[in-house]
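Notebook open, model loaded. I want to go through the fold, the core, the charged pairs and the pocket, in that order.

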Amino acid sequence: MPTTEVAIAIAARLGEAGRRVVLIDGDEPVEEIDTLEDMRTLTRRYTEHAVDFIERHRDQPFFCYLPHTMPGSTRESFASERFKGKSANGTYGDAVEELD
């Protein structure tokens, strides 16, 4: 796993409340996500974090690896509200358009 601060890892784990996603920045857990609506914000948030990293390191060499974890599946789209219903290819297409 990349160790730079831009490499936010997600790990799913089971808890008392059901499935949760833990956002990890570097080695530190920073937030738990337990709703589908929150998961739909991850593409935007990952991208914003990467852009911030690039801007702060623009004058030095760096490696930025950004493996988007969404779009989810054809059954359940993880597109944000801004992209819902925008694609002619259904909910999965909405999520892919957000990645683009």
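Below are my entries, one topic at a time.

**Entry 1: overall layout**

First a reminder to myself: this is a predicted model. I looked up the secondary structure and found three helices and three strands. Reading from the N terminus, I get the order β-β-β-α-α-α. I then checked burial, and 30% of the 100 residues count as buried. For contacts with a separation of 6 or more, I noted that 32% join residues 24 or more positions apart.

**Entry 2: the core**

Which residues make up the largest nonpolar core? I listed seven: Val21, Leu23, Ile33, Met39, Leu42, Tyr46 and Phe78. Strand S2 (18–25) gives at least two residues to this core, and so does H2. I jotted down the background too: in soluble globular proteins, nonpolar side chains tend to be buried together.

**Entry 3: salt bridges**

How many salt bridges does a search of the whole structure find? I got four, and I wrote up three pairs.

Glu31 and Arg45 came up with their side chains in a salt bridge, 2.4 Å from N to O. This pair links distant parts of the chain, with Glu31 in strand S3 (residues 28–33) and Arg45 in helix H2, 14 residues apart. I looked up how open each partner is. Glu31 has a relative accessibility of 31%, so I put it down as partly exposed. Arg45 has a relative accessible area of 25%, so it is also partly exposed. For that label I need the cut-offs: under 20% is buried and over 50% is exposed.

Next I took Glu48 and Arg44, whose side chains meet in a salt bridge at 3.3 Å, N to O. Both sit in helix H2, four residues apart, which is about one turn of the helix. Glu48 is at 44% relative accessible area and is therefore partly exposed. Arg44 is at 39%, so I filed Arg44 as partly exposed too.

My third pair was Lys84 with Glu81, where the closest N and O atoms are 2.8 Å apart. Are these two buried, partly exposed or exposed? Lys84 is partly exposed, because its relative accessible area is 33%. Glu81 is exposed, because its value is 54%.

**Entry 4: the largest pocket**

I pulled up the largest pocket and noted about 170 Å³ of space in it. Its lining is Thr41, Thr43, Arg44, Thr47, Ser80, Arg82, Phe83 and Glu98. Which element supplies the largest share of that lining? I found that helix H2 (residues 42–56) does, with three residues. Sorted by class, the lining has one nonpolar, four polar and three charged residues. Arg44 turns up here as a lining residue, and I already had Arg44 paired with Glu48 in a salt bridge.

**Entry 5: helix H3**

Last lookup: which residues are buried in helix H3 (residues 90–99)? I have Gly93, Asp94, Ala95 and Glu98. Glu98 is also one of the pocket-lining residues. I asked what covers the buried residues of H3, and H2 is among the answers.

**Entry 6: where H2 keeps turning up**

Going back over my pages, I see H2 in several places. H2 supplies at least two residues of the largest nonpolar core. It holds both Glu48 and Arg44, as well as Arg45, the partner of Glu31. H2 also gives the largest share of the pocket lining, and it is part of what covers the buried residues of H3.

Technical notes:
Residues numbered from 1 in each chain as written. Predicted model: local features only at pLDDT ≥ 70, side-chain atom pairs only at ≥ 80, totals over all residues. Heavy atoms only, no water. 1 Å grid on protein atoms, 1.4 Å probe; cavity = no way out; pocket = protein on both sides within 12 Å on 5 of 7 lines; lining within 4 Å. Points joined across faces, edges and corners; volume = space filled by probe spheres on them. Nonpolar A, V, L, I, M, F, W, Y, C, P; charged D, E, K, R; others polar. Buried < 20%, exposed > 50% of the residue type's maximum accessible area, 1.4 Å probe, protein only. Contact = heavy atoms within 4.5 Å. Core = buried A, V, L, I, M, F, W, Y, C linked by side-chain atoms within 4.5 Å.
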